[in-house]
Structures are given as C-alpha cells and as structure tokens.
Amino acid sequence: MDPLLLVAEWWWIAPTAVAAGTVGVMGIRRRNSTVSGRRLAVDAARHDLREAQLAAAERRTAWKIARADLARVTAERAAQRATAEQVAGARRMLKERERDAKAASADVRARQVRLNAARAAVPSASEPRPLERLHAAHEAVTARWMRYETDPALQISYPAMTDVKRPETAAYLRAAGHAAEMRRAAAGRITPAEFAAYRDAVADLERAFEAAEHAAKVQAGEAPETAAWQDAAQDMLNRSAEAIDRAAGAAAAALSSWTSRRKPGGKPDDRP
C-alpha cells in the first residue's frame, strides 16, 4: 500500500490516543482523589446542593399551584360560588407557599457557597482528609463533655451538665447518640450522602453541647439567660406577624365581598 494513502487513512489514531491517554490520566487522578477521600467534602456538598435544588423546584411548583388556586377561588367568589373565608384561606396558603419557596431559594444559595468553600478547601496529599477532620471535631466535643463527667470540681460547679433531667443535657445526650450512630454508618467505604449525614450530626452535637453548657452556666449564675429571652422575643414576633397576616386576610376578604355586590339588575353597584 502507498505510504501516503496509509497515513491519510490512519491519521486520526495518534491524536485520539493522546486524547484518550489524557482523559485516562485525569480519570485516574480523580478516582484516586475520590478513593483517598480528599474530595469527600466536595462530593457531599454537591449532593446537598442537588437535594436543595430539588426541594426548591418542588416548593416553586407548590407556590404556582397556590397562586392558581387563589385566582380560581377569587373568580368563584365573584360568581357567588365561594365564601370570603375560602378566599382568605387561599390567600394565606399563597403567602405560606411563597415563604417556603423563598426559604428554599436561600437554602440553595447557601449550599452553593458551601460547595465553593469545599472546593477551595480540598486538602493536599499531606493534610488530614475531610473524614479525619470530622472525626477530630467529633472527638473534641466528646472530650469537652467528658471533662464535666470526670472532673469533680466541674461536677460541683456545674451539676446541670450531668443532670439528665435537664432538657438541654438530655438533648445533648440524644445528639451524642445520633452522632455516634452516624459515625458507625460512615465507616469503611463512605458515600457522600453518609458523609453529609455524619457531618450534620456532628454540627448538631456541637450546637447541643453549647446549649447545655450555656444552660449550666446560667444555673450557676455565671451567664445571663439571654438565649431564652431571645427565643421568647422571636416567638412573639412570629405570632405578631401571623396575627397581622390574619388581619390582612380578613380585611382583603371583606373588601372582596364589598366589591362583588351587584345591583338587582345584575350590574355592578356604581353608587358613590
């Protein structure tokens, strides 16, 4: 065969082989990184973002349905086939679905930030892996708790920390049990979802410990009871907002009822 014809027929083999080799090397590096656990936090953050995006899509759909339901009930009210209470209820439902959709959108943005942070914090070959860091954070909280269990001076100064009848202490113990369970589930070849569950359990454990420690210091007279006051104030604000929404819904329903009145002849009432 003519060498020129041979080259013309098989010219594509060399660049294809080079490209395949490059992709293969990249795949091997990515696979080794995944197996070693260096990108485990990134994969878990990506899993969280995907779940948040699905939830946001569902809540946006629910918001659209609630908007359509309000339009339908309003039209039926104008035709005297629905009550003012039904219109007010549909309007409240729309407000609730709107809040849910906005909260879900905010959650997506927050999880995108977490994914970006995880990508920027991928450890080098000599640094601790994400799972090792998570184990260290878990053990650090446990060590702080054990000081209250084993130090007689701390037991005398802060008896609430070992009093299982205290709600904050009981909440910490439940969080500790859940974190231990998630750690056992994350042993061996861990998936991103398992890592995310363990990561969230450790975060809950840290918050529960801080709450229990704060409550113990409040009982010992070393800290003001600000957290409970802030919770009560926030609850009052939420209740006030709900009351305002109910009042606004009732006023809107009354206005809709008044505007839907008609003259005996079937024409709208145009009296001043």
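Helices and strands here are DSSP runs, helices of at least four residues and strands of at least two, numbered from the N terminus. By that reading, this predicted model has a protein chain with 9 helices and 0 strands. Along the sequence the pattern is α-α-α-α-α-α-α-α-α. The protein chain has 272 residues, of which 24% count as buried.

**Confidence**

- The average pLDDT of the protein chain is 81, and 69% of the residues score at least 70.
- Residues 1-20 stay under a pLDDT of 50, and the model has 2 contacts beyond four places in sequence for them.
- Residues 22-35 also stay under 50 in pLDDT, with 7 contacts beyond four places in sequence.

**Chain as a whole**

- Among contacts in the protein chain with a separation of 6 or more, 70% are between residues 24 or more positions apart.
- The accessible surface of the protein chain is about 18000 Å², and carbon and sulfur atoms hold 59% of that surface.

**Helix 3 and its end**

- Helix 3 covers residues 40-78, and at 1.5 Å a residue its 39 residues should span 57 Å.
- The end C-alpha atoms of helix 3 are 57 Å apart, which agrees with that expected span.
- Gln-80, just after helix 3, has a positive phi of about 65 degrees.
- Arg-67 lies over the face of Trp-63, 5.4 Å from the ring centre.

**Helix 7**

- Helix 7 has 19 residues and reaches 27 Å from its first C-alpha to its last, close to the 27 Å expected at 1.5 Å a residue.
- Its buried residues are Thr-169, Ala-170, Tyr-172, Ala-175, Ala-179 and Met-182.
- These buried residues of helix 7 pack against helix 5 (130-150) and helix 8.
- An α-helix has 3.6 residues a turn, so residues three or four places apart point the same way.

**Aromatic residues**

- There are 4 aromatic pairs in the model.
- The rings of Tyr-172 and Phe-209 have centres 5.9 Å apart and planes at 65 degrees; planes over 60 degrees apart count as edge-to-face, so this pair is edge-to-face.
- The pair links distant parts of the chain, with Tyr-172 in helix 7 (residues 167-185) and Phe-209 in helix 8 (residues 192-219), 37 residues apart.
- Tyr-172 and Phe-209 are both buried.
- Tyr-172 and Phe-209 also belong to one aromatic cluster, together with Trp-145, Tyr-148 and Tyr-158.

**Two buried residues of helix 5**

- Leu-134 lies in helix 5.
- Leu-134 has a relative accessible area of 10%, and the cut-off for buried is under 20%, so Leu-134 is buried.
- Beyond its neighbours within four places in sequence, Leu-134 is in contact with Phe-195, Tyr-198, Arg-199 and Val-202.
- The C-alpha atoms of Leu-134 and Arg-183 are separated by 9.5 Å, with the two residues 49 residues apart along the chain.
- His-138 is also placed in helix 5.
- At a relative accessible area of 7%, His-138 falls under the 20% cut-off and is therefore buried.
- Leaving aside neighbours within four places in sequence, His-138 is in contact with Ala-179, Ala-180, Arg-183, Tyr-198, Val-202 and Leu-205.
- Tyr-198 and Val-202 are among the contacts of Leu-134 and also among those of His-138.
- Ala-179, one of the contacts of His-138, is one of the buried residues of helix 7.

Notes
Residues are numbered from 1 along each chain as its sequence is written. This is a predicted model: local features need pLDDT of at least 70, side-chain atom pairs count only at pLDDT 80 or more; totals for chains, interfaces and linings use all residues. Side-chain values use heavy atoms; hydrogens and water are left out. pLDDT is the predictor's confidence in each residue, from 0 to 100. Contact means heavy atoms within 4.5 Å. Rings of Phe, Tyr and Trp (its six-membered ring) pair if their centres lie within 6.5 Å; planes under 30 degrees apart count as stacked, over 60 as edge-to-face and the rest as tilted. Buried means under 20% relative accessible area, exposed over 50%, partly exposed in between (1.4 Å probe, protein chains only). A charge sits over a ring if NZ of Lys or CZ of Arg is within 6 Å of the ring centre and within 35 degrees of the ring normal. The expected span of a helix is 1.5 Å times one less than its number of residues. Accessible areas come from the Shrake-Rupley method with a 1.4 Å probe; for residues, only the protein chains shown count as cover.
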